[in-house]
Amino acid sequence: MNAVPPRIIAPSILAADYSQFGPEAAAAAAAGGDWLHLDVMDGHFVDNISFGPGVVKALRPHTQLFFDVHLMISRPDHYWRRFADAGANGITVHVEADHDVAATLRAIREADLKVGLAMNPSTDWETVRPHIHLIDLLLVMTVVPGFGGQAFMRETLPTIQTAAATRAEESLHYHIEVDGGIDAETAVDATAAGANVLVAGTTIFKAPDRAAAITALRQA
Ligand code: DX5
Ligand code: ZN
């Protein structure tokens, strides 16, 4: 039986106060976050626009946290290196985007970054299966990407279970990350299914006590 990777709490800056991004990133670290999750949206792959590599570069000096960059963009093959140069530590690309998935994953790893592959709730496991030996992280979206504050989609639980079972069968070691609608309640189901990296925007940044919110996720 393979050891399950440790639980990691990744506050999503998408839910922070945009006018205070630097202090908000530092606050996420001070509240006990392990990674900082940066949701990049291009207004094409998803129906929203967030921020680009310039924001990643501006945030880099504000915290030592691992920058977990989630590219919800159509051409991750074209842009990923700008985020690496801006200070990303891990870059996650979508299997549904318009690129040669394996080539992009290999290129990111060759640049000595952690590499992740993301899948939307409507995407089948068989679509990501051929690539799982190339990744350090699988991101199972638990909402339709584009906006924070949505409700957790329970229909994603079987995919999380399959990802965990396949990892054990094939002696692989990728993290399983979930993103969207994660709170102390939904975290129980997501972690029971096999997720170990919990992305949370609203639950953490909108909480009256952010440290308590992170502790609740860690203990869920
Ligand atoms: C998807 C985004 C959101 C965000 C977290 O578009 O990736 O899932 O990170 O959102 P909440 O506020 O649901 O934690
Ligand atoms: Zn995300």
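Here are a few questions and answers about ligand 1 and its pocket in this predicted model.

Q: What makes the approach of T202 to ligand 1 a polar contact?
A: A polar side-chain atom of T202 lies 2.5 Å from an oxygen atom of ligand 1. The cut-off for a pair of N or O atoms is 3.5 Å, so this pair counts as a polar contact.

Q: Why do S12 and G201 count as polar contacts of ligand 1 too?
A: For S12, an N or O atom in the side chain is 3.2 Å from an oxygen atom of the ligand. For G201, a polar backbone atom is 2.7 Å from an oxygen atom of ligand 1. Both distances are within 3.5 Å, so both pairs qualify.

Q: How do you know how much of ligand 1 is covered?
A: On its own, ligand 1 has 370 Å² of accessible area, and the protein covers 98% of that.

Q: Which residues come nearest to ligand 1, and which elements supply its shell?
A: There are 19 residues around the ligand, with D39, G146, D179, G201 and T202 coming nearest. β2 (35-41) and β8 (197-200) are the elements that give two or more residues to this shell.

Q: What makes two residues of the shell count as charged?
A: Asp, Glu, Lys and Arg are the charged class, so two shell residues belong to these types, beside nine nonpolar and eight polar ones.

Q: How do you describe the pocket that ligand 1 takes up?
A: Ligand 1 takes the space of the largest pocket, whose volume is about 300 Å³. G148, G149, G180, G181 and G201 are the closest to its centre among 24 lining residues.

Methods:
Residues are numbered from 1 along each chain as its sequence is written. Chains are lettered from A and ligands numbered from 1 in the order in which they are written. This is a predicted model: local features need pLDDT of at least 70, side-chain atom pairs count only at pLDDT 80 or more; totals for chains, interfaces and linings use all residues. Side-chain values use heavy atoms; hydrogens and water are left out. A residue is near a molecule or strand if one of its heavy atoms lies within 4 Å of it. A polar contact is a pair of N or O atoms within 3.5 Å; within protein, one must be able to donate a hydrogen and the other to accept it, and residues adjacent in sequence count only if both atoms are side-chain atoms. Accessible areas come from the Shrake-Rupley method with a 1.4 Å probe; for residues, only the protein chains shown count as cover. On a 1 Å grid over the protein atoms alone, a cavity is a set of points where a 1.4 Å probe fits but cannot get out, and a pocket is an open set with protein on both sides within 12 Å along at least five of seven lines; lining residues have an atom within 4 Å of a point. A molecule sits in a cavity or pocket if more than half of its atoms lie within 2 Å of its grid points. Helices (H or I, at least four residues) and strands (E, at least two) are DSSP runs, numbered from the N terminus. Grid points are joined across faces, edges and corners, and a volume is the space filled by probe spheres set on the points.
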